[in-house]
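Please look through the structure shown here, and then follow the questions and answers about its charged pairs, its rings and its interior.

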Amino acid sequence: MLSAHVGNWETAGNLLKGRITPTINIVMLDAEVENIKKYMDLSTGGSRFRVIAIKDDLSHIISIRNALVNNEFVAIHADRYLEGAKYIEMDFLGRKAKFPYGPFVIASKFDAPVTFVFAAKDGKYSYHLSATKPIEAKMKPEQIARLYVQELERKVKAFPEQWFNYFNFFQ
């Protein structure tokens, strides 16, 4: 599952509790893992997800593979490019923007369906959960990125105040 910093994935997971049986693995930067775990423990009594930390030794790739082999879900945010990392430049909201290349390579290389998922608040007590039809055909990373960016653009336009990207995103 490729997602973005739109809406709230933890709330989405709580809304899905009991509706899906596979474990959901969230791939995130190693530096963020402890802070997220502490916050989730304090605010919700603990995360409903298993966290796969991105590490310099690339051990997260093995963890992602193992999760997929066990028929578990793997969710990766693909809207934050970090300086120095490989990226793919795409047209987004009428401007050039850098997207991290890694999530699209992972989506392309592993033999698993890929879907784009989002959860945004659409009312005082309701959320809009969405997922695209899974991509099951083998595609190149650039093809997946193009489809992802098109869907992300639709979601950001629909929920502009819920896209949490606080860094220099555009060129």
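**Charged pairs, rings and cores**

Q: How far apart are the closest N and O atoms in the salt bridge that Arg50 forms with Glu72?
A: In this predicted model, Arg50 belongs to strand 3 (residues 50–54), while Glu72 sits in the loop between helix 3 and strand 4, so that the pair links distant parts of the chain, 22 residues apart. The side chains form a salt bridge, a term that requires a nitrogen within 4 Å of a carboxyl oxygen. For Arg50 and Glu72, the distance between the closest N and O atoms is 3.0 Å.

Q: Which of the two, Arg50 or Glu72, counts as buried?
A: Buried means under 20% relative accessible area, and exposed means over 50%, with partly exposed in between. Arg50, at 41% relative accessibility, therefore counts as partly exposed. Glu72 has a relative accessibility of 14%, so the residue that counts as buried is Glu72.

Q: How many salt bridges does a search of the whole structure find?
A: Side chains of opposite charge can pair when their charged atoms come close. Besides the bridge of Arg50 with Glu72, the side chains of Lys96 and Asp91 meet at 2.9 Å, N to O, and Glu151 forms a salt bridge with Arg154. For the whole structure, the search finds three.

Q: Is Asp91, which meets Lys96 in a salt bridge, buried or exposed?
A: Lys96, at 40% relative accessibility, counts as partly exposed. For Asp91 the relative accessible area is 53%, and the cut-off for exposed is over 50%, so Asp91 is exposed.

Q: By about how many helical turns are Glu151 and Arg154 separated?
A: The closest N and O atoms of this salt bridge are 2.6 Å apart, and Glu151 counts as buried at 11% relative accessibility. Glu151 and Arg154 both belong to helix 5, where they are three residues apart, so their separation is about one helical turn.

Q: What kind of aromatic pair do the rings of Phe99 and Tyr148 form?
A: The structure holds four aromatic pairs. In the pair of Phe99 and Tyr148, the ring centres are 6.3 Å apart and the planes stand at 85°, and because an angle over 60 degrees is the criterion, the pair is edge-to-face. Phe99 lies in strand 6 and Tyr148 in helix 5, 49 residues apart, and the pair thus links distant parts of the chain. Phe99 is buried, with a relative accessible area of 0%, and Tyr148 is likewise buried, with a value of 0%, while the pair they form is edge-to-face.

Q: How many residues apart in sequence are the parts that Phe116 and Tyr148 tie together?
A: The rings of Phe116 and Tyr148 have their centres 5.6 Å apart and their planes at 75°, so this pair is edge-to-face. Phe116 is buried, with a relative accessible area of 4%. Because Phe116 lies in the loop between helix 4 and strand 7 (117–123) and Tyr148 lies in helix 5, the pair ties together parts whose separation in sequence is 32 residues.

Q: Which residues form one aromatic cluster?
A: Phe99 and Tyr148 make a pair, and Phe116 also pairs with Tyr148. The full membership of the cluster is Phe92, Phe99, Phe104, Phe116 and Tyr148.

Q: Which element gives the most to the largest nonpolar core?
A: Nonpolar side chains tend to be buried together in soluble globular proteins. The largest nonpolar core has 33 residues, of which Leu2, Phe92, Phe99, Phe104, Tyr148 and Leu152 touch the most other members. Helix 3, strand 4, strand 5, strand 6, helix 4, strand 7 and helix 5 each supply at least two residues of this core. With six residues, the element that gives the most is helix 5.

Q: Which residues of helix 4 are buried?
A: Helix 4 covers residues 102–109, and its buried residues pack against strand 1 (2–3), helix 3 (59–69), strand 4 (73–77), strand 5 (87–92), strand 6 (95–100) and helix 5 (141–158). Those buried residues are Pro103, Phe104, Ile106, Ala107 and Ser108.

Note on methods: Residues are numbered from 1 along each chain as its sequence is written. This is a predicted model: local features need pLDDT of at least 70, side-chain atom pairs count only at pLDDT 80 or more; totals for chains, interfaces and linings use all residues. Side-chain values use heavy atoms; hydrogens and water are left out. Buried means under 20% relative accessible area, exposed over 50%, partly exposed in between (1.4 Å probe, protein chains only). Helices (H or I, at least four residues) and strands (E, at least two) are DSSP runs, numbered from the N terminus. Contact means heavy atoms within 4.5 Å. Rings of Phe, Tyr and Trp (its six-membered ring) pair if their centres lie within 6.5 Å; planes under 30 degrees apart count as stacked, over 60 as edge-to-face and the rest as tilted. A nonpolar core is a set of buried Ala, Val, Leu, Ile, Met, Phe, Trp, Tyr and Cys residues joined through side-chain atoms within 4.5 Å.
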